[in-house]
Amino acid sequence: MKNNNIVPFKVASQAEIEREIALALAKFGDDNIEVMAIVCSWGDTMDDRQVLAGLRKLNRTGSSFDDVAD
């Protein structure tokens, strides 16, 4: 039995990343330094998993950083 509903992980994760990017842009604008840093690092210094985690954290907490020193 062949299942045509299987989506390769890379395609699924890229679609989720694109959704998170759209959400971040809507929430924070295209000039937000954290959004720009994550998006510009995608595929260069950050892999799909890291980008998705960073975007999710940013969208849920307002920052992709765990702690910011004073």
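The following exercises, each with a worked solution, concern a predicted model of a protein chain.

**Exercise 1. Determine the order of the elements along the protein chain, and decide which of them has the highest mean pLDDT.**

Counting elements gives 3 helices and 0 strands, and reading along the sequence gives the pattern α-α-α. Turning to confidence, the mean pLDDT of the protein chain is 85, with 79% of its residues reaching 70 or more. Among the elements, helix α1 (residues 9-28) has the lowest mean, 89, whereas α2 has the highest, 95. As a caution for the remaining residues, where pLDDT is low, the predicted coordinates should not be read in detail.

**Exercise 2. Work out how the buried residues of helix α2 are placed around its axis.**

The first step is to list the buried residues of α2 (residues 33-41), which are Glu34, Val35, Ile38 and Ser41. These residues cover an arc of only 145° around the axis, which puts them on the same side of α2. The general background is that an α-helix has 3.6 residues a turn, so residues three or four places apart point the same way. The next step is to examine the other side of α2, where Ile33 and Cys40 are exposed. The ends of the helix complete the description: at its start, a side-chain oxygen of Asn32 comes to within 2.9 Å of the backbone nitrogen of Glu34, and α2 is followed by Gly43, which has a positive phi near 85°.

**Exercise 3. Examine the salt bridges of Glu20 and Glu16, and state for each which parts of the chain are paired.**

With a cut-off of 4 Å between a side-chain nitrogen of Lys or Arg and a carboxyl oxygen of Asp or Glu, the count comes to 4 salt bridges. Glu20 pairs with Arg60 at 3.3 Å, N to O. Because Arg60 lies in helix α3 (residues 48-61) and Glu20 in helix α1, this pair ties together parts that are 40 residues apart in sequence. The two partners differ in exposure, since Glu20 counts as buried at 5% relative accessibility, while Arg60 counts as exposed at 55%.

Glu16, for its part, forms a salt bridge with Arg19, the closest N and O atoms being 2.6 Å apart. Both residues belong to helix α1, and being 3 residues apart they are separated by about one helical turn. Glu16 is buried, with a relative accessible area of 19%, which falls under the 20% cut-off. The final step is to follow the connections further, which shows Glu16, Arg19 and Arg56 linked in a network of salt bridges.

Methods:
Residues are numbered from 1 along each chain as its sequence is written. This is a predicted model: local features need pLDDT of at least 70, side-chain atom pairs count only at pLDDT 80 or more; totals for chains, interfaces and linings use all residues. Side-chain values use heavy atoms; hydrogens and water are left out. Buried means under 20% relative accessible area, exposed over 50%, partly exposed in between (1.4 Å probe, protein chains only). Helices (H or I, at least four residues) and strands (E, at least two) are DSSP runs, numbered from the N terminus. The arc is that of the directions from the helix axis to the C-beta atoms. A polar contact is a pair of N or O atoms within 3.5 Å; within protein, one must be able to donate a hydrogen and the other to accept it, and residues adjacent in sequence count only if both atoms are side-chain atoms. pLDDT is the predictor's confidence in each residue, from 0 to 100.
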